[in-house]
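Hi there,

Here is the structure I promised to pass on. Have a look at it first, and then read on for what turned up.

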Amino acid sequence: MTQQNPDGRPFSAAGQKLDDVLGDTVKRIEDETKQMIDYINDEVVPLVRQHSTKGLRIASDKLKDLADYMESTTQQKKG
């Protein structure tokens, strides 16, 4: 028993259906990926930058405090 279409090509209908399903799936994956990238660029990246800037400012303040402390202890030893 062979599975052929009336046009004589075996499995061509199944192949076409599979191609349609995969094509639709790929299109949806591409669309979802684009939406995810847009979300990351529009929502996540600005927040990361904002918090990174805040973190750098805090670190800068702490380093300034450390430098002041080191300077004051050096002066006390000399004085």
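**What was found**

Lys27 is partly exposed, with a relative accessible area of 46%. Please keep in mind that this is a predicted model.

Let me start with the overall picture. The protein has one helix and zero strands. That helix, helix 1, takes in residues 12-78. At 1.5 Å a residue, its 67 residues should span 99 Å, and the C-alpha atoms at its ends are 92 Å apart, which agrees. Along the way, helix 1 bends by about 35 degrees at Val44, with a proline, Pro46, following within four residues.

How much of the protein is buried? Of the 79 residues, 0% count as buried. The exposed area comes to about 7,500 Å², and carbon and sulfur atoms supply 58% of that.

Now to the charged pairs, starting with the lysine I opened with. The count of salt bridges is three.

- **Lys27 and Asp31.** These two form a salt bridge in which the closest N and O atoms are 3.2 Å apart. They sit four residues apart in helix 1, so about one helical turn separates them. Asp31 is partly exposed, at a relative accessible area of 35%.
- **Lys34 and Asp38.** Here the side chains meet in a salt bridge with an N to O distance of 3.0 Å. Both residues belong to helix 1 and are four residues apart, about one turn of the helix. Lys34 counts as exposed, at 52% relative accessibility, because the cut-off for exposed is over 50%. Asp38, with a relative accessible area of 32%, is partly exposed.
- **Lys64 and Asp68.** A salt bridge joins these side chains at 2.9 Å, N to O. Once again both partners lie in helix 1, four residues apart, or about one turn of the helix. Asp68 is partly exposed, its relative accessible area being 37%.

There is also a nonpolar feature to look for on the surface. Which residues make the nonpolar surface patch? They are Met36, Tyr39, Ile40, Val44 and Val48, and the patch is about 450 Å². Tyr39, one of these, is found in helix 1. Val44, another of the patch residues, is also where helix 1 bends by about 35 degrees.

If you want a quick route through the model, begin at Lys27 and its partner Asp31, go on to Lys34 and Asp38, then look at the patch that includes Met36 and Val48. After that, find the bend at Val44 with Pro46 following, and finish at the salt bridge between Asp68 and Lys64.

Happy browsing, and all the best!

Definitions and conventions:
Residues numbered from 1 in each chain as written. Predicted model: local features only at pLDDT ≥ 70, side-chain atom pairs only at ≥ 80, totals over all residues. Heavy atoms only, no water. Patch = residues over 30% accessible without salt bridge, like charges linked within 9 Å, V, L, I, M, F, W, Y side chains within 5 Å. Areas by Shrake-Rupley, 256 points an atom, 1.4 Å probe, with all protein chains shown as cover. Salt bridge = Lys/Arg side-chain N within 4 Å of Asp/Glu carboxyl O. Helix = DSSP H or I, 4+ residues; strand = E, 2+ residues; numbered from the N terminus. Buried < 20%, exposed > 50% of the residue type's maximum accessible area, 1.4 Å probe, protein only. Expected span 1.5 Å × (residues − 1). Bend = angle between axes of the 7 residues up to and from the residue.
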